[in-house]
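Here's a quick briefing on how a protein meets a DNA strand. Have a look at the model first, then read on.

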Number of protein chains: 2
Amino acid sequence: MEARQRRPIGRPRGFDADEALERALLVFWEQGYEGASLANLTDAMGISTTSMYATFGNKEELFRKALERYTEGPSAYLGRALDEPTALGVVTAIFAGTVRTTARPTGPNGCLGVQGALATGDSSRGARDLLIAWRDNGFSRIRERFERAVDDGDLPPETNPALLARYVTALAYGIAVQAAGGVGRDELQDMADAALRNWPPC
Amino acid sequence: MEARQRRPIGRPRGFDADEALERALLVFWEQGYEGASLANLTDAMGISTTSMYATFGNKEELFRKALERYTEGPSAYLGRALDEPTALGVVTAIFAGTVRTTARPTGPNGCLGVQGALATGDSSRGARDLLIAWRDNGFSRIRERFERAVDDGDLPPETNPALLARYVTALAYGIAVQAAGGVGRDELQDMADAALRNWPPC
DNA sequence: ACCCTTCTGCAGCGATCGATGCAGAAAATG
DNA sequence: CATTTTCTGCATCGATCGCTGCAGAAGGGT
């Protein structure tokens, strides 16, 4: 069989779908799902609504794909953090990644997974539930990493991994909320450093 | 002078403005500023849009008044917490109040001051900025309380009150985000208790 | 009685919401 | 060349958005 078709049949796309999705991600990140209108999105993406619907489906599907891109891009620090050899290293990397991603010198502040659709009307419940599942997935991965740390003897055997994961995610979400309100990167990093001086906290 | 006019001039209101505002508060709390449409609000309030505009001004003013009601009602625990004699007592009360208010057996979950308008479109920037100021006010009151605790010798003199206040508010916002996602009251309270076992954390 | 003031119900305002139908353009295929 | 497939630009859809004009109702003052 062939390695890959040279070009797909039919008229080729007149824009870069990846770059368009990146632009859409930035709009969702800054304005939230409900605050981002189709006009906002397509303007930023540089395409017509027709092209958007043909390529991405609809607004909710576009949001879902933007969230995937966010997970593999700005939020990819989580996966790397979980590979740190110690629980302390994991949490240090999580907090550093959270601060770096949510309080940025340019671009949107805050976390898409938090502010994208935290409280919504009925018509946006799909996006809201999607983010709830996204956050829950992050929590579960951290909890499982702490379970392994307990098994490794890295964390004391009496540690409650779920409780500890709740603590870490809560602090990370709190950092994201503060960053969304304009609190600066240095102040948030100092706070995270201070919180890490007591580890494990419970 | 008289104690009070018996009745104001003109046709009297056909509804209880306080109760209508309470209903509006619940809608904003659950659906956010952008997710709460005028139809949602007036339906819940049991009045017409005309009466709403005559009584409260417009949607943004209604939100402002609902936030005031929230501050003096569900969020009033903050003021009481700051009156606790020790910094540890203050933080314990703040966390307990946050958990109790954001993870409720009935009614909206989460914190209006966080999820009411965290990321919005341009047309809702007023509500967003209002909540940023609301959160900043809470932060400042906690920071000032910690400054006093340092002066009192209740907290070590090398304590950074602003940093500590960032930590407390971050954890509280994190609790609110988790509660908005459906995390239960007991689990959040256990986490807060565990975090308090190390105090001050920095 | 009469006027004045305030509130309510109905209807509808222009604008924007997310989403589509359709004709033609741009490519591969034959 | 003609055919097929896919994508684009234009125009627009019905629904909903926040909001308001207006006539009449419901009270007080004189």
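**Contacts with DNA strand C**

A phosphate oxygen of DNA strand C is 2.8 Å from an N or O atom in the side chain of Lys59(A), which counts as a polar contact (a pair of N or O atoms within 3.5 Å; within protein, one must be able to donate a hydrogen and the other to accept it, and residues adjacent in sequence count only if both atoms are side-chain atoms). This is a predicted model: local features need pLDDT of at least 70, side-chain atom pairs count only at pLDDT 80 or more, and totals for chains, interfaces and linings use all residues. Residues are numbered from 1 along each chain as its sequence is written, chains are lettered from A and ligands numbered from 1 in the order written, and side-chain values use heavy atoms, leaving out hydrogens and water.

**More polar contacts**
- Tyr53(A) puts a polar side-chain atom 2.5 Å from a phosphate oxygen of strand C.
- Over on chain B, a polar side-chain atom of Thr50(B) sits 2.6 Å from a base nitrogen of that strand.

**Who lines the strand**
- There are 21 residues around strand C, where "near" means having a heavy atom within 4 Å of it.
- Leu38(A), Tyr53(A), Lys59(A), Gly14(B) and Thr50(B) come nearest.
- Of the strand's atoms within 4 Å of the protein, 63% belong to sugar or phosphate, and the rest to bases.

**What the record says**
- An unreviewed UniProt entry places a "DNA-binding region" at residues 37-56 of chain A; such annotations may be inferred rather than shown by experiment.
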